[in-house]
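Subject: Structure handover

Hello,

Here is the structure I said I would pass on. My notes follow below it.

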Amino acid sequence: MNPVLENRYYYLDNFEMVLRWVQQRYDDLLLDAERDFIHCFQGLPRASRALLARMIMRKGTLFRSSKLRYDEIGSVPSAAQALIEQGWLDDSPALTLEQLFGLLTKAEVADAFGAQLPDRHARKAAQFQALQDRHTTALPFKAWYPMGAGCVYELLVMPVCECLRLMFFGNLRQDWSEFVLADLGLYVYEKVKFPASSRIFHNRRDIDDYLHLHDCRERLHAGADAELIQQDIPSEPYPNEWLEQRRAKLLFQLGRHYEKNHDWDRAYALYTQSTYAGARSRSVRVLELNEQFESALQRAQTAQQQPESEAEKQQVGRMIPRLLRKLGRPCPPRPAAASLTKLTLTLPRPQMPVAVEELAQGYFQQPQGPVYYVENTLVNSLFGLLCWDAIFAALPGAFFHPFQRAPADLYSADFYLRRQNLFKTCLALLDSGAYRQTIVQNYQSKAGIQSEFVAWGILNDEILDHALACIPALHLKKWFERILLDIPAHRSGFPDLIQFWPLEKRYQMIEVKGPGDRLQDNQLRWFGYCATHDMPVAVCYVRWAECPA
């Protein structure tokens, strides 16, 4: 058994570590309620602390006491009493019918409502629909279900604990399961040395703004009124670049919502307020959809002169000729497309569902030319292994808790600039031949450590040996340089398969497209780049034998 988990209170130790961590780093930003919680929690009996930690780490805020069974805690009502006295638990909350249905089994619903149900054996969703118009008042659990065992607890302190979790992780995407996975040894993280002063939030306003934007995003995803959400999004940019990126993305997502609903004016207004990648090209598109062709053309030409990215340059490059035609104006000659090697593979249609990539892999497989299905993983892994030290450099603000698989600023505009000399040192190894030793050394010494780039589940000794023997250092350098130009956009788009010929020290990358499939934009950009630098890339179109070409 894992020695950490032999401690029955391992989860409590983890929770208390978070409280100490937050108190040490954020004491000047804590609200009175948060500071009081940390102080009072320490004075509770261990069973009460353990019960609260268990509940906080579970999903939701409503729990039936009969479902809370933990040997190390013992009597749940006894442990809960101190939490009730603190005002952190309510043992008799008023429950809506929807909340009640979330707590009862289908059999219990039938017991509780009996003859009110037209069909006791119907699905719970149908039972709820049959009852919802009759039961609109929130009632305590016992009023709903007198024969139910125990009571229902409502966790009242969750907003405070969510805020503490945010301060620890710097996001609300990660949760308490990170500790369990690490304790079990399933996730191992790089040990980055950073000072106790490292933290992602530097004033209380940033914390509150993050929570506000998170709430807006959750409401949008839940289908709430988009107009009300829009009113709640600040109209002015945040001075904090990280928060402004989140605001810009939310404006973009809201614009997409209105665009899908053909509300062109609102979509356009939101896109023009957003600096999120792709917002400007979407604004051109909605102008076109709204038949404002002249305005769309002017905006597209502005973007063409100073594109924000390769993706935008590609998108407006397609839009401008279309807009010129709609305006009855001559179109400039279309630039020549990159020359790509195209293969056509005609195969019998498989009897059982199977990915076309696997079929192509089997077809091209040779004893002296093994083929691997790697897609984006191989090049990203080689990049991550060569540049490990640069990626995990302890720069200010990059690392601030022990469960990071990448620096916090990985997708920021200045990620590369802040580490330019470090990356230059790593890439210079490709000029000397020393890169092989560095990649192999990190592959061995960092094995299994979480990384945003290295796909440990795909990488193995055989693939690594072939890659280092067959892919020229110059090709690796060109790939890595392009990735660093725009990490979010350039990490994907690589071909599905790679074939090595170790005896000849050469390789070929093969993108596989099934019937009806076509190359995506990011793939076209990558393949064009590869063609420019004489890298062996082919596109294989799979056709079924009985289908016409």
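I started with the cysteines. The sulfur of C426 lies 4.5 Å from the closest cysteine sulfur, which belongs to C387, and that is too far for a bond. The cut-off for a disulfide is 2.5 Å between the sulfur atoms, so this pair does not count as one. C426 is buried, at a relative accessible area of 9%. Please keep in mind that this is a predicted model. Across the whole structure the number of disulfides is zero. C151 is likewise in no disulfide; for this residue the nearest cysteine sulfur is that of C161, 19 Å away.

Next, the aromatic rings. The model holds 41 aromatic pairs. One of them is W176 with F179, a stacked pair with 6.2 Å from centre to centre and 25 degrees between the planes. W176 and F179 are both buried.

F494 and W526 form another pair, this one tilted, with the centres 4.3 Å apart and the planes at 35 degrees. Which parts of the chain does the F494 and W526 pair link? F494 is in the loop between α27 (487-490) and β6 (497-501), while W526 is in helix α28 (residues 521-532). The two residues are 32 apart along the chain, and the pair links distant parts of it. F494 has a relative accessible area of 2%, and W526 has 1%. The cut-off for buried is under 20%, so F494 counts as buried, and W526 does too.

Two arginines also sit over tyrosine rings. The charged end of R46 is placed over the ring of Y9, 3.9 Å from the ring centre. For R54 the ring is that of Y11, and the charged end is 3.9 Å from its centre.

Last, a pocket you may want to look at. The second largest pocket has a volume of about 1400 Å³. Its lining is made up of 30 residues, and Q314, R318, P335, A337 and L524 are the ones nearest the centre of the pocket. Which helix gives the largest share of the lining of this pocket? That is α18, with nine residues. Helices α18 (310-326) and α28 each supply at least two residues of the lining; α28 is also the helix that holds W526 of the tilted pair. Sorted by class, the lining of the second largest pocket has 14 nonpolar, 10 charged and six polar residues.

Regards

Terms used. Residues are numbered from 1 along each chain as its sequence is written. This is a predicted model: local features need pLDDT of at least 70, side-chain atom pairs count only at pLDDT 80 or more; totals for chains, interfaces and linings use all residues. Side-chain values use heavy atoms; hydrogens and water are left out. Rings of Phe, Tyr and Trp (its six-membered ring) pair if their centres lie within 6.5 Å; planes under 30 degrees apart count as stacked, over 60 as edge-to-face and the rest as tilted. Buried means under 20% relative accessible area, exposed over 50%, partly exposed in between (1.4 Å probe, protein chains only). Helices (H or I, at least four residues) and strands (E, at least two) are DSSP runs, numbered from the N terminus. A charge sits over a ring if NZ of Lys or CZ of Arg is within 6 Å of the ring centre and within 35 degrees of the ring normal. On a 1 Å grid over the protein atoms alone, a cavity is a set of points where a 1.4 Å probe fits but cannot get out, and a pocket is an open set with protein on both sides within 12 Å along at least five of seven lines; lining residues have an atom within 4 Å of a point. Grid points are joined across faces, edges and corners, and a volume is the space filled by probe spheres set on the points. Ala, Val, Leu, Ile, Met, Phe, Trp, Tyr, Cys and Pro count as nonpolar, Asp, Glu, Lys and Arg as charged, and the others, Gly among them, as polar.
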